[in-house]
Amino acid sequence: MAPVSINELPENILLEVFTHVPARQLLLRCRLVCSLWRDLIDLVTLWKRKCLREGFITEDGDQPVADWKIFYFLHSLHRNLLRNPCAEEDMASWQIDSNGGDRWKVESLPGDHGTDFPDSRVKKYFVTSFGMCLKSQLVDLKAEGYGEELLDTFRPDIVVKDWFAARADCGCTYHIRVQLASADYIVLASFEPPPVTIDQWNNAKWTEVSYTFSDYPPGVRHILFQHGGKDTQFWAGWYGPRVTNSSIVISPKMTRNLAPCTALPETTEGAGVPRLQGTPELLGSYQHCRLPASSTREAEPMDPSWLGHPGDLTSPRHHFRNWWVKTPPPPPSLESHH
């Protein structure tokens, strides 16, 4: 019996085979084989099947999707980009920007004069003192697998969340600042609501802060997250705001509704351009970030830039100071709920 070419199989069978092939290999390898494979791999049907197979959608789901291929890759990359958000690794992965009073500390829930966290899986929190305590993380989006075309052309929503609470017996002030920055650390969009002050003898309930960056300017390559605060009684010990369960997530959604954020002026040099202070060397790869693959890695044909770099997990150290820059327009009001 003469051998049968795979291309002689019905297209529906070929599509079923492709649903089991890793997505990157489909685009980097299989799509180059022939025009038939290219056309099949570009079909919406294939990427809807892959989304269904991975559990990204359900059989009876009827959500509008502009681009199923992009939807698939955004779902496959979907995760919290902040490391150690719930203090399970003490202060690991966090840059300490300000360590006033008796310094940052990690405590177990619910803590003295505290309340249980809404999610029972969260066991610990970070707590501040009587002097200003601020900590931060720098997220390198390209190193995390988000390529330039994906970020600049599709601009998926970036959802930022944080949780804070006060002790019932002490007032405190809570701060948060999140900035989207370019490759050379120019601020493109910012979320910096006014500090929240909680009075003494409060209910100690946990409050969630949530903000979505959408339709932001092209060129975003880094996300800079900072939060913290201090108590208002100036008591020795750890009576300031408690924070935990912080997250930065790149959503598969692309609302493209203009968010009330601070945009970069239409200039790249000179005064008036908000820029993160410090040199690119000081603002390099953050601890535990996913880095691009080595330059000795074999070159691959047709590497779509929006696929990003898979890379290997490494743990480079990096130190920097004063990289937050205030932007002139007034910040949006804090939208939070108990």
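Analyst: A residue is called buried if its relative accessible area is under 20%, exposed if that area is over 50%, and partly exposed in between. The model shown above is a predicted one, and in this model Phe164 and Tyr174 are both buried.

User: What makes the rings of Phe164 and Tyr174 a pair, and why is the pair called stacked?

Analyst: Two values have to be set against two cut-offs here. The ring centres of Phe164 and Tyr174 are 4.0 Å apart, and rings pair if their centres lie within 6.5 Å, so the two rings count as a pair. The angle between their planes is 10 degrees, and because planes under 30 degrees apart count as stacked, this pair takes that name. The pair links distant parts of the chain, since Phe164 belongs to strand β5 (residues 158–165) and Tyr174 to strand β6 (residues 172–181), with their positions 10 residues apart in sequence.

User: How many aromatic pairs does the structure hold, and which residues do ring pairs link into a cluster?

Analyst: There are 17 aromatic pairs in the structure. Ring pairs join Trp47, Phe56, Tyr72 and Phe73 into a cluster.

User: How do you know that the charged end of Lys135 sits over the ring of Trp94?

Analyst: The charged end of Lys135 is 3.2 Å from the centre of the Trp94 ring, and the distance part of the rule asks for NZ of Lys within 6 Å of the ring centre, while the direction part asks for a place within 35 degrees of the ring normal. The distance therefore satisfies the first part, and Lys135 is listed as sitting over the ring of Trp94. The charged end of Lys135 also sits over the ring of Phe126, at 3.8 Å from its centre.

User: Why is Arg177 called buried, and what joins its side chain to that of Glu192?

Analyst: Arg177, which lies in strand β6, has a relative accessibility of 13%, and because the limit for buried is under 20%, the residue falls on the buried side. Its side chain and that of Glu192 are joined by a polar contact of 2.9 Å, a distance that lies within the 3.5 Å allowed for such a contact.

User: What makes the contact between Lys69 and Asp42 a salt bridge?

Analyst: The N to O distance between the side chains of Lys69 and Asp42 is 3.6 Å, and the rule requires a side-chain nitrogen of Lys or Arg within 4 Å of a carboxyl oxygen of Asp or Glu, so the pair qualifies. Lys69 is in helix α5 (residues 68–77) and Asp42 is in the loop between α3 (35–41) and α4 (44–53), so the salt bridge ties together parts that are 27 residues apart in sequence. Lys69 counts as buried at 18%, whereas Asp42 counts as partly exposed at 34%. Arg31, Asp42 and Lys69 are linked in a network of salt bridges.

User: How do you know that Arg79 and Glu144 form a salt bridge, and is each of them buried or partly exposed?

Analyst: The closest N and O atoms of Arg79 and Glu144 are 2.5 Å apart, and because the limit is 4 Å, this is a salt bridge. The pair links distant parts of the chain, 65 residues apart: Arg79 is in the loop between α5 and β1 (95–99), and Glu144 is in the loop between β4 (133–140) and α6 (148–154). Arg79 is partly exposed at 26%, while Glu144 is buried at 2%. The structure has 15 salt bridges by this rule.

User: Why are Tyr185 and the peptide bond from Leu109 to Pro110 worth a remark?

Analyst: Most residues other than glycine have a negative phi, and most peptide bonds are trans. Tyr185 is not a glycine, yet its phi is positive, at about 70 degrees; this residue is in the loop between β6 and β7 (187–191), and it is buried at 5%. Asp215 has a positive phi of about 55 degrees and is likewise not a glycine. The peptide bond from Leu109 to Pro110 is cis, with omega near 0 degrees, and Pro110 is in the loop between β2 (105–108) and β3 (124–127).

How values were computed
Residues are numbered from 1 along each chain as its sequence is written. This is a predicted model: local features need pLDDT of at least 70, side-chain atom pairs count only at pLDDT 80 or more; totals for chains, interfaces and linings use all residues. Side-chain values use heavy atoms; hydrogens and water are left out. Rings of Phe, Tyr and Trp (its six-membered ring) pair if their centres lie within 6.5 Å; planes under 30 degrees apart count as stacked, over 60 as edge-to-face and the rest as tilted. Helices (H or I, at least four residues) and strands (E, at least two) are DSSP runs, numbered from the N terminus. Buried means under 20% relative accessible area, exposed over 50%, partly exposed in between (1.4 Å probe, protein chains only). A polar contact is a pair of N or O atoms within 3.5 Å; within protein, one must be able to donate a hydrogen and the other to accept it, and residues adjacent in sequence count only if both atoms are side-chain atoms.
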